Amino acid sequence: MSKSVTTKDIARKIIANEELLILDVRNTDEYDNWKIEGGKIRVINEPYFNLLDGVDSLEIDKDKEIVVVCAKGGSSQMVAEMMEEAGFTKVYNLEGGMKAWSEHLEPVKIGDLNGGGALYQFVRLGKGCLSYFIESNGEAAIIDTARMIDAYETFAVDKGVEIKHLIDTHLHADHISGGRALAEKVGGTYHLPPKDATEVTFDYTALEEGKDITVGNTKVVVHPIYSPGHTIGSTSFIIDEKYLLTGDILFVKSIGRPDLAGKAEDWVGDLRHTLYNKYKELSDELLVLPAHYSFAEELGEGGKVAAKLGDLYKKNEGLNVEDESEFRRMVTENLPPQPNAYQEIRQTNMGKIKPEVEEQKEMESGPNRCAVEG
């Protein structure tokens, strides 16, 4: 049996910006569509079937640390064992493969809050999803909760806090929200923008501008700011007058796509107004914390995905298109492929369908594609 590593081991190496060599033995088309990225990770793709007759063709130093990866961990284990037999001394198999990598959540501390407590960013490295955990004085709120709710429950226990509020910035199309499920489990309140909830089949508390959500006795306040564009109900939040949670409206290196509900032409004006008017009125010193990232280079020091709003107005190409017709072309024509099973994911998040857990995992496979390409 070959030695193995976990997704947490890989995540910590990426966040610490340590070097790592990965041998991905999936088919080339699967690898090209989605792979492990970030930090000083280097990946070699050599499909499993090319190695059935032996691993001698691999041009890799036999004393170099290497992690073998496949879809679910089976083929990679076989290749790792073959490599050990061939004299490789530091070869490891990634437990659970890319399927497990897709689900790993790594908490990263963003900063302390004024009235006590802290704000954490949960980085889903294999999917590019970001969620947020606010803890203050024994209470917690989670924004854009991922499907894997156990990670948040464990974190809450570790911090000694009770989860009170589950909030989605919008109706997600690229991943299944765990907000409602976690709210039901812990007896918390599930919040959703009402304009995104016209077809939902469940009860929720409406996010409305001016109706703040208090977390803890220290008055850590979240201010909803209605900011349509990615969806008709997309909502942003300001925390402590310091942090701007932008959902899928604004990212570090790109902006949100307006087409995932089939409304690109209708919503492009809303998107531009939010980015070029509403956000423009806010302080340049606000730290933008998005719900996704698309590029490995967006991972900053310590694994944080964040940037000051003023810096984004200087560097983010999506915020610097003066001609309105050119902006319209950019966000309606310059779009990547739509996320895997995004229509079914939207229906799941509306409560219209209830796929089994394994089907949900399959629906979420692959990279997130919530951004306009530069």
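**Notes on the predicted model**

1. Let me start with the contacts: in this predicted model, 64% of the contacts in the protein chain with a separation of 6 or more are between residues 24 or more positions apart. The chain carries 11 helices and 18 strands.

2. On overall dimensions, the radius of gyration of the protein chain is 21 Å, which agrees with the value near 21 Å that a compact globule of 374 residues would have. Along the principal axes, the C-alpha atoms fill a box of roughly 65 × 50 × 40 Å.

3. Now the surface. The accessible surface of the protein chain is about 16,000 Å², and carbon and sulfur atoms hold 44% of that area. Of the 374 residues, 55% are buried.

4. A word on charge, which you may like to have at hand for electrostatics. The protein chain has 42 positive and 65 negative charges, and the mean positions of the two sets lie 2 Å apart.

5. The salt bridges number 17. One of them joins Glu106 to Lys8, with the closest N and O atoms 3.1 Å apart. This pair links distant parts of the chain, since Glu106 is in strand S6 (residues 106-112) and Lys8 is in helix H1 (residues 7-15), 98 residues apart. Is each partner buried or partly exposed? Glu106 has a relative accessible area of 7%, so Glu106 is buried, while Lys8, at 29%, counts as partly exposed.

6. Compare that with Lys361 and Glu358, whose closest N and O atoms are 3.5 Å apart in their salt bridge. These two are separated by about one helical turn because they are three residues apart in helix H11 (residues 357-363). Lys361 is partly exposed, with a relative accessible area of 23%, and Glu358 is partly exposed too, at 44%.

7. Asp24 and Arg26 also form a salt bridge, with the closest N and O atoms 2.8 Å apart. Both Asp24 and Arg26 are buried. Elsewhere, a network of salt bridges links Glu103, Arg124, Arg147 and Glu364.

8. Finally, two backbone spots to look at. Most residues other than glycine have a negative phi. Asp144, however, has a positive phi near 60 degrees; Asp144 sits in the loop between strand S9 (139-143) and helix H5 (150-159). With a relative accessible area of 3%, Asp144 is buried. Asp240 also has a positive phi near 60 degrees, and its place is the loop between strand S15 (235-239) and strand S16 (243-247). At 16% relative accessible area, Asp240 falls under the 20% limit and therefore counts as buried.

Technical notes. Residues are numbered from 1 along each chain as its sequence is written. This is a predicted model: local features need pLDDT of at least 70, side-chain atom pairs count only at pLDDT 80 or more; totals for chains, interfaces and linings use all residues. Side-chain values use heavy atoms; hydrogens and water are left out. Helices (H or I, at least four residues) and strands (E, at least two) are DSSP runs, numbered from the N terminus. The radius of gyration is taken over C-alpha atoms; the globule rule is 2.2 Å times the number of residues to the power 0.38. Buried means under 20% relative accessible area, exposed over 50%, partly exposed in between (1.4 Å probe, protein chains only). Contact means heavy atoms within 4.5 Å. Accessible areas come from the Shrake-Rupley method with a 1.4 Å probe; for residues, only the protein chains shown count as cover. Lys and Arg count as positive and Asp and Glu as negative; His and the chain ends are not counted. The place of a charge is taken as NZ of Lys, CZ of Arg, CG of Asp or CD of Glu. A salt bridge is a side-chain nitrogen of Lys or Arg within 4 Å of a carboxyl oxygen of Asp or Glu.
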